[in-house]
Amino acid sequence: MKDTMSSTSTESKKSDFGLIGLAVMGQNLVLNVESRGFQVSVFNRTTDKTDEFVAKNPGKKLVGCDTLEAFVQSLALPRKIQIMVKAGAPVDQVIEQLIPLLDKDDIVIDGGNSLYTDTERRDAYLAGKGLRFVGAGVSGGEEGARKGPAIMPGGPASTWEVMKPIFESIAAKVDGEPCVIHIGPGGAGHYVKMIHNGIEYGDMQLICEAYSLFKAAGFTTDEMAAIFNEWNEGDLQSYLIQITGKALEQKDPETGNALVDMILDKAGQKGTGQWTLINAAEQAIVISTINAAVEARVLSSQKKQRVVASKLLQGPKPAFSIEKKALVDKVHDALYASKVVSYTQGFDLIKTMGEKKQWGLDLGGIASIWRGGCIIRARFLNRITDAYRNDKALTNLMLDPFFQDLLNSTQQNWREVVAMAVSNGIPVPAFGASLAYYDSYRAERLPANLLQAQRDFFGAHTYERVDKPEGQFFHTAWPEVIG
Ligand code: 6PG
């Protein structure tokens, strides 16, 4: 074992926390934990990286370990070991190596973006060995990890009391409240992080659609930067709006152009958005805004096909007959209203899964820890926190009085923006999907009556009637169709 402290102090003191995996997030988390007064042991598969990291941070309460055995032995009981390695098989490999070295009740924390079903499997597996597992979603990127992320830990309730002092001290703070709560048992923490990421996809796409409209309407990149900077002072204040303003201001050193104009329009994705869609489909919950956001990334990645199609398939030539200021105000409302729908859908999915799994989720608590540290941190999460704290059984976020008023006052501008985009041939899949959800949800009568007729026609699937009690089913002898 190597260390950066005097040998007497490390001999007498075991570390409070251990971390395996010194990639960027891991390193920043270690420095964060250490800066709050904890002694941290670190281990990395490539030992050079451990030595380098420890050498780069002299005088800190760090214990660099060359072997997993030494690492485990350097930790105080019950051990608290956070794994920060690539999600998937690497997490299982590290767990397998750790198991024979650990003592009963030690805690293994997976801080990566793991699929929540993997977390459930690992939770059960380690519990069977007398160990405790915490699947913890950690959001905030590199800077968040160093200065204060939002943390979404799941796992056995007994782990929370042990982990609370560390988690609460390293998490971001909003109004003095740490951005961490115990989310629930098993895979609840990673599940909520997955939905956080789905919502992140939605937020990002909505911002891109606003940008796309402004660009088509002839705004310069500097004008657009100014709009996002101004929006960041108001209702839309959020980290993603803030970085959008900054990204638009950035110039390309090679060409002097706005850097965004030099970036290829092909979006990447690592999979958490797709996982969210799969889960929503399984639960039969509509998350059309997030869906549109994931699909927009997919279509963007088909750049070659789009270039061919752009020469073959026609559309209108964009022409905007609206004052710039009026357009900005309308797009603001479309973005805000769509964002409300996106969060409504995300929370609906969390609520549904939480009830099904009996996770005992605190929706207000989840909204409150997303107010700081994480990528989707935003002022309006205060409103969502209030909505669920005022009414724990709220069926749909749009029905909260604040959000009702907000949607009622923005819906006209919102639909004008969608109409303008459609008539100019500008794709706004997330604005449009959000509006369709809003209009469907508020529709007393939908055309599903005809759909039921069709089902009964070809498959005798039966239907209920408007003039008979619910639960009574009818079948009609429809005319025979020839050919
Ligand atoms: C966070 C982010 C982080 C990461 C995701 C999304 O909360 O800090 O969500 O987890 O950015 O991996 O990445 P993709 O856009 O590549 O799917």
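Biologist: Which residues surround the ligand most closely, and how many surround it in total?

Modeller: 13 residues surround the ligand, and the closest are Asn 113, Ser 139, Glu 200, Tyr 201 and Lys 270. A residue is near a molecule if one of its heavy atoms lies within 4 Å of it. Keep in mind that this is a predicted model, where local features need pLDDT of at least 70, side-chain atom pairs count only at pLDDT 80 or more, and totals for chains, interfaces and linings use all residues. Residues are numbered from 1 along each chain as its sequence is written, and side-chain values use heavy atoms, with hydrogens and water left out.

Biologist: Which atoms lie 2.4 Å, 3.0 Å and 3.3 Å from an oxygen atom of the ligand?

Modeller: A polar contact with the ligand is a pair of N or O atoms within 3.5 Å; within protein, one must be able to donate a hydrogen and the other to accept it, and residues adjacent in sequence count only if both atoms are side-chain atoms. Here a polar side-chain atom of Ser 139 is 2.4 Å from a ligand oxygen. Gly 140 has a backbone N or O atom 3.0 Å from a ligand oxygen, and for a polar backbone atom of Gly 141 the distance is 3.3 Å.

Biologist: Where do the domains begin and end?

Modeller: The bounds come from an automatic or database domain assignment. They give domain 1 (3-186), domain 2 (193-441) and domain 3 (448-483). The centres of domain 1 and domain 2, taken over C-alpha atoms, are 33 Å apart. Their contact (heavy atoms within 4.5 Å) takes 26 residues from domain 1 and 23 from domain 2.

Biologist: What area is buried between domain 1 and domain 2?

Modeller: The size of an interface is often given as the accessible area lost when the parts come together. Buried area uses a 1.4 Å probe and is summed over both parts. For domain 1 and domain 2 it is about 1800 Å², with 63% from carbon and sulfur atoms. Asn 113, Tyr 116 and Met 152 supply 26% of the area that domain 1 buries against domain 2, more than any other three residues.

Biologist: How many salt bridges are there between domain 1 and domain 2?

Modeller: Side chains of opposite charge can pair when their charged atoms come close. A salt bridge needs a side-chain nitrogen of Lys or Arg within 4 Å of a carboxyl oxygen of Asp or Glu. The count between these two domains is three, while a search of the whole structure finds 25. Glu 177 forms one with Arg 371, with the closest N and O atoms 3.6 Å apart.

Biologist: What is the peptide bond from Leu 77 to Pro 78, cis or trans?

Modeller: Most residues other than glycine have a negative phi, and most peptide bonds are trans. The bond from Leu 77 to Pro 78 is cis, with omega near -15°. Asp 175, although not a glycine, has a positive phi of about 50°.

Terms used
Buried area is the accessible area (1.4 Å probe) that two parts lose on being put together, summed over both.
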